[in-house]
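Please consider the two-chain assembly shown below. The paragraphs that follow lead from one pair of residues outward to the parts around it.

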Amino acid sequence: MQGRSEEFRKRGARLIAIGQGTGQEAARIARLLRVSYACYGDPGHAAYRALGLGRTGVFGLTLAPFLSDPVSSLRNIRGADLRAAANPRSDVFRLGGALVADRAGKLRFLHRSQSTTDVPKTDALLAALDGI
Amino acid sequence: MAAAALAYAQPMLALGDALPAMTLLDADDRQVSLASLHTDAPLAAIFLRHFG
């Protein structure tokens with residue numbers, strides 16, 4: 001997503017990331033990972049729950065990703081930054097997702113990750129923005 | 001069991017629904033409403049799996 005943030009700007013959209021820690025922790029991670037867009041914190045995970053983002057289990061966190069998508073799993077491990085993961089407020093079982101909302105606040109795109117390797121596609125978010 | 005059943009019975013957000021009111025924390029840990037982030041521009045938000 002980071003490498004394509006300019007495409008969101010060109011569409012006049014605001015791109016943000018939301019993490020499970022505090023706002024200060026999210027900003028620290030953004031600096032570590034050199035993310036150019038704003039990062040916000042949701043330490044109580046209320047926004048995650050409000051959107052219905054799910055949780056996986058021990059099997060889903062460990063063995064299942066390697067069985068279902070070994071290439072992506074290895075790529076995730078190679079790209080992981082453990083400094084960014086060191087947050088006691090993080091729920092390691094919580095799955096991520098993405099949304100696109102228009103100016104009126106209507107949901108135009110929603111992706112609820114079904115597994116740890118199920119990552120929202122940047123092209124899908126951009127297509128949703130093009131449809132607004 | 002009853003609580004779990006109630007949780008599943010809650011309607012899930014669907015496309016076209018209004019975003020529920022949510023509050024996030026900015027880099028200075030000030031509260032920011034999600035609504036304030038989409039009033040002047042469409043919003044694309046990525047929910048990170050566990051980082052940060």
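**From a strand pair to the shared core**

G97(A) stands opposite F47(B), a residue of β3(B). This pair belongs to a model that is predicted, and the model scores ipTM 0.81 and pTM 0.81. The strands concerned, β3(A) and β3(B), run antiparallel to each other and are joined over 5 bridges.

The contact between the chains draws 57 residues from chain A and 32 residues from chain B. On the side of chain B that touches chain A, two elements give two or more residues, namely β1 (23-25) and β3 of chain B. The largest share of that side comes from β3(B), with 5 residues. Sorted by class, the side of chain B that touches chain A holds 22 nonpolar, 5 polar and 5 charged residues.

Chain A contains 8 helices and 4 strands, and along its sequence they follow the pattern α-β-α-β-α-α-α-α-α-β-β-α. Chain A has 132 residues, of which 34% count as buried. If one takes the contacts in chain A between residues at least 6 apart in sequence, 56% of them join residues at least 24 apart.

Which residues have the most contacts inside the largest nonpolar core? They are I16(A), I18(A), C39(A) and V100(A), together with A44(B), A45(B) and F47(B), in a core of 38 residues. Chain A gives two or more residues to this core from each of β1 (14-19), α2 (23-32), β2 (38-41), α3 (46-50), β3 and α8, while in chain B the elements that do so are β1 and β3. The element that gives the most to this core is β3(B), with 5 residues. F47(B), the residue opposite G97(A), is thus met again among the core residues with the most contacts.

I18(A) shows the two chains meeting around one residue. Leaving out residues up to four places away in sequence, I18(A) touches Y40(A), D42(A) and A47(A), and from chain B it touches L24(B), A45(B), I46(B), F47(B) and L48(B).

A further residue to examine is G41(A), which lies in strand β2 of chain A. Is G41(A) buried or exposed? G41(A) is buried, because 26 other C-beta atoms lie within 10 Å. Apart from neighbours within four places in sequence, the contacts of G41(A) are G19(A), G21(A), T22(A), G23(A), E25(A), A26(A), L24(B) and L25(B). G41(A) and A17(A) are 24 residues apart along the chain, and their C-alpha atoms are separated by 8.6 Å.

Helix α8 (residues 122-130) of chain A has L125(A), A128(A) and L129(A) as buried residues. Viewed down the axis of α8(A), its buried residues fall within an arc of 100°, and therefore they line one face of the helix. D123(A) and D130(A), on the other side of α8(A), are exposed. The cover over the buried residues of α8(A) includes β3 (97-101) and β4 (107-112) of chain A, as well as β3 (43-47) of chain B.

Confidence remains to be considered. The average pLDDT of chain B is 82, and 73% of its residues score at least 70. Among the elements of chain B, strand β2 (residues 31-33) has the highest mean pLDDT, 97, and helix α1 (residues 2-9) the lowest, 46. Over residues 1-9 of chain B the pLDDT is below 50, and this stretch has 0 contacts in the model beyond near neighbours in sequence. Where pLDDT is low, predicted coordinates should not be read in detail.

Technical notes. Residues numbered from 1 in each chain as written. Chains lettered and ligands numbered in written order. Predicted model: local features only at pLDDT ≥ 70, side-chain atom pairs only at ≥ 80, totals over all residues. pLDDT = per-residue confidence, 0-100. Contact = placed C-beta atoms within 7 Å. Buried ≥ 20, exposed ≤ 12 C-beta atoms within 10 Å, placed from the backbone. Arc of directions from axis to C-beta. Nonpolar A, V, L, I, M, F, W, Y, C, P; charged D, E, K, R; others polar. Pairing = 2+ DSSP bridges. Core = buried A, V, L, I, M, F, W, Y, C linked by C-beta atoms within 7 Å.
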